[in-house]
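Please take the reader through this structure, from the chain as a whole down to single residues, in connected paragraphs.

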Amino acid sequence: TIGEGLGHGTMYLDVWDTMAPLAATIYYWIALIFGKSVLALNILGFLLNFLIAMLLNSMFIQNKVYEQNTYVPAFVYIILSNLLASFSLFSPLQIGLVFVLLALGNLLGHIEFRAKRDEQIMNIGLFIGIAVLFYFPLIVFVPIMLVLFIVFTSTRNRRYLLFLLGSLLPLAFAFCYYWVATDKAGYFVQHFILPYFYFDRPEAEWWALIKIALPLILLLLAGAFSTQVQRRLNNFQVRLNQLFLLFLLLTFSRYLLVPEFTASTLQIFLPLINFFVVHLLLLFRRGLVGELITLVFVALIVFSLFDEARGITGWFNRQEEVKLLSTVDEIKYVEGRSMMVLGDYKELYNYGSLATPFYDWRLSAPFFESLDYYDNLVFLQESMHRLEPEIIIDEANLWGPISERLPLVTSKYR
């Protein structure tokens, strides 16, 4: 829907949503090429997971993370990324994860080699900054990387400034782009950055999330324990075990900026869990025990996908709440038509198309609560004249106040 909306305007000014700018651009091209195909998103998600698996494996081999060079990390990640169907769906978090891993690879190289290079520090910051332009909550990796620098490296003070500069540059370029392109960069700040700091947090179904994450937690604990019993690790590999454990704990801070607690947000932990699970498999890489662990591991993933699809036990059911239309007639009424929805029912756009900027109701509600302001009325009138929605669905009981203020605009919708 956002991709379609960008066909007639600019993100944040003509489409009100918190999606990051680079992610919105990619969705625009996906919508242009594939339309609203869910199959296309699943295929792209699988291909991106495969790319992440190869990137992770290459990073581990290049930095000699394990005792031997192996493709087990790639195998484990591909299996983990299929634990839930939502992990395989193309998403901004998934794209941003690629750049977080690129930053992590540079950090491991910075720790391993004594020759510290300024451009390496700058690259770490740049990769994190680019990741933020795909998924804003990934900005928590800026302080996380600073903590890892302090604990595991002897980086000079000026290099911390280089890292921060690299992290902020992508955001600065994005701000300048919207300033030049729309002359209204305030929309970029108001709709992309600020909402993560003032949106109300919905109550999370913690028990449901814990149930879904339980297999990952058990694998993580088993893998972390296996690192403590291995005796052939060198000093660098021991330090990496400590780094990944601290990295994992610090990553939980991302939930401070995530406005929605869903199973799909667990995806950011997969590369870190992967690190410890590979240690477990390599510990028993020979003999019947290793074969059994691998078999149980794969069987667990297959069962989780089957249970999620069929709902046999209800253990792995997805927790993302979806508002459904009440009748089939309502679906037929909005299907294929351009619309403006007044209320928190963005799911309706799955059946039609966005014909005004007001996509995310959390951003739009304050606007409609301030219709006494002349600028707001002008903006609403211009939007409706320019885009001309075929139907208007008023779930928030706002059509009355709008009609009183803009009778010429609303008269055609009687």
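What follows moves from the overall make-up of the chain to one helix, then to a cavity, and then to some individual residues.

The model is a predicted one, and its chain has 19 helices and 3 strands. Of the 414 residues in the chain, 50% count as buried. When contacts between residues at least 6 apart in sequence are considered, 72% of them join residues that are at least 24 apart.

A good place to begin is helix α3, which covers residues 38-62. Its 25 residues, at 1.5 Å a residue, should span 36 Å, and because the C-alpha atoms at its ends are 36 Å apart, the expected and the modelled span agree. At the start of α3, a side-chain oxygen of Ser37 comes to within 3.4 Å of the backbone nitrogen of Leu39, while just after the helix Lys64 takes a positive phi of about 50 degrees. The buried residues of α3 include Ala40, Leu41, Gly45, Leu48, Asn49, Ile52, Ala53 and Leu56, and Asn57, Met59 and Phe60 are also among them. An α-helix has 3.6 residues a turn, so residues three or four places apart point the same way. The partners against which the buried residues of α3 pack are α2 (21-34), α4 (72-80), α5 (92-112), α12 (235-251) and α13 (270-283).

Between α3 and α4 the chain runs through a loop, and Thr70 lies in this loop. Thr70 has a relative accessible area of 14%, which is under the 20% limit, and therefore counts as buried. The side chain of Thr70 reaches the backbone nitrogen of Val72 at 3.1 Å. Leaving aside neighbours within four places in sequence, Thr70 is in contact with Asn57, Ile61 and Leu282, and Asn57 is itself one of the buried residues of α3. Thr70 and Phe60 are 10 residues apart in sequence, and their C-alpha atoms are 8.9 Å apart in space.

The loop between α4 and α5 holds Ser81, which is buried with a relative accessible area of 2%. A polar atom of the Ser81 side chain lies 2.9 Å from the backbone oxygen of Ile78. If residues up to four places away in sequence are not counted, Ser81 touches Asn49, Phe87, Ser88 and Leu270; of these, Asn49 is among the buried residues of α3, and Leu270 falls within the range of α13 (270-283).

Where is empty space left inside the model? Rolling a probe the size of a water molecule over the atoms shows where empty space is left. The count comes to 5 cavities of 30 Å³ or more, and the largest cavity holds about 70 Å³ of space. Its lining is made up of Leu97, Val100, Leu101, Leu104, Phe141, Phe247, Thr251, Ile268, Pro271 and Leu272. By class, this lining has 9 nonpolar residues, 1 polar residue and no charged residues. Each of α5, α12 and α13 supplies at least two residues of the lining of the largest cavity, and the largest share, 4 residues, comes from α5. These three helices are also among those against which the buried residues of α3 pack.Positive phi values draw attention to two further places in the chain. Most residues other than glycine have a negative phi, and most peptide bonds are trans. Tyr12, however, has a positive phi near 80 degrees, and its place is in the loop between α1 (2-5) and α2. With a relative accessible area of 0%, Tyr12 is buried. Glu388 also has a positive phi, near 45 degrees, and is placed in the loop between α17 and β3 (391-394). Glu388, at 46% relative accessibility, counts as partly exposed.

Helix α17 (residues 374-387) contains Asn376, which counts as buried at 17% relative accessibility. Apart from residues up to four places away in sequence, Asn376 touches Phe367 and Ser370. Cys176, by contrast, lies in helix α8 (residues 157-182) and counts as partly exposed at 38% relative accessibility. Cys176 and Phe188 are 12 residues apart along the chain, with their C-alpha atoms separated by 10.0 Å.

Key. Residues are numbered from 1 along each chain as its sequence is written. Side-chain values use heavy atoms; hydrogens and water are left out. The expected span of a helix is 1.5 Å times one less than its number of residues. Buried means under 20% relative accessible area, exposed over 50%, partly exposed in between (1.4 Å probe, protein chains only). Contact means heavy atoms within 4.5 Å. A polar contact is a pair of N or O atoms within 3.5 Å; within protein, one must be able to donate a hydrogen and the other to accept it, and residues adjacent in sequence count only if both atoms are side-chain atoms. On a 1 Å grid over the protein atoms alone, a cavity is a set of points where a 1.4 Å probe fits but cannot get out, and a pocket is an open set with protein on both sides within 12 Å along at least five of seven lines; lining residues have an atom within 4 Å of a point. Grid points are joined across faces, edges and corners, and a volume is the space filled by probe spheres set on the points. Ala, Val, Leu, Ile, Met, Phe, Trp, Tyr, Cys and Pro count as nonpolar, Asp, Glu, Lys and Arg as charged, and the others, Gly among them, as polar.
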